[in-house]
Amino acid sequence: MSEKMIACNLDYEEISKLADKVEKGSLSKIKIKNGDCEILIEKESKIVSQPVPAPVPPTVIQAAVQTPVQNVQDTSIETKSEEESGNIVKSPIVGTYYAAPGPDKAPFVEIGKKVKKGDVIMIIESMKLMNEVKSEFDGTVKKILVENGSAVEYDQPVMIIE
């Protein structure tokens, strides 16, 4: 090989300078194409994949959060058992809870409203899809356990119908 190598109308020194700029700069790669000639200078990736921890079931998280509260306030335990009488409606999927079909629309249900089996009671948005959730029970909405627009987990209690 000769000392003065030329590729795509660039000599070795010019190519070396470009490689230094990629290595030391904010660019991750440079691609130069001139007719049939192509040069690709790419920064070596030093990303090490981190193991993803297994998801913790919501019941374990709730138990961990509630444990200190139960030690401080014994009355919250009694109140919680009274509140959970009735049929608990749980989220069928992970997503975002919406109480109404749109921001300017009335909510599907409110506390004290009577519902019949098959009535739409909420929307859970998951992966940009709006999933209507229908009531599995006849009764009156006793309590809504989550805020509009908040994230919900699979099988998380969302409301109570008596």
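Begin by selecting Ile124 in this predicted model, and then add Asn131, its bridge partner in strand S9. With that pair on screen, extend the selection to the whole of S8 (residues 120-126) and S9 (residues 129-134), which pair in the antiparallel sense over 6 bridges. The hairpin that these two strands form has 2 residues between them, and there Met127 is worth a look, since its phi is positive, near 55°.

Next, show strand S6 (residues 95-98), which runs antiparallel to S8 and is joined to it by 3 bridges. To find the register here, select Thr96 together with Glu125, its bridge partner in S8.

Now colour S8 by accessibility: the strand is mostly covered, with 5 of its 7 residues buried. From there, turn to the largest nonpolar core, which has 17 residues, and select Tyr97, Val109, Ile121, Met122 and Met159, the members that touch the most others. Strand S12 (157-161) and S8 each supply at least two residues of this core, and the largest share, 4 residues, comes from S8.

Within that core, centre the view on Met122 and display its surroundings: leaving aside neighbours within four places in sequence, Met122 is in contact with Val89, Tyr97, Tyr98, Phe108, Asn131, Glu132, Val133, Val158 and Met159. Asn131, where the tour opened as the partner of Ile124, thus returns here as a contact of Met122.

As a last stop, move to another core that lies apart from this one; it has 7 residues, among them Ile15, Ile30, Ile39 and Ile41.

Terms used:
Residues are numbered from 1 along each chain as its sequence is written. This is a predicted model: local features need pLDDT of at least 70, side-chain atom pairs count only at pLDDT 80 or more; totals for chains, interfaces and linings use all residues. Side-chain values use heavy atoms; hydrogens and water are left out. Buried means under 20% relative accessible area, exposed over 50%, partly exposed in between (1.4 Å probe, protein chains only). Two strands pair if DSSP finds at least two bridges between them. A nonpolar core is a set of buried Ala, Val, Leu, Ile, Met, Phe, Trp, Tyr and Cys residues joined through side-chain atoms within 4.5 Å. Contact means heavy atoms within 4.5 Å.
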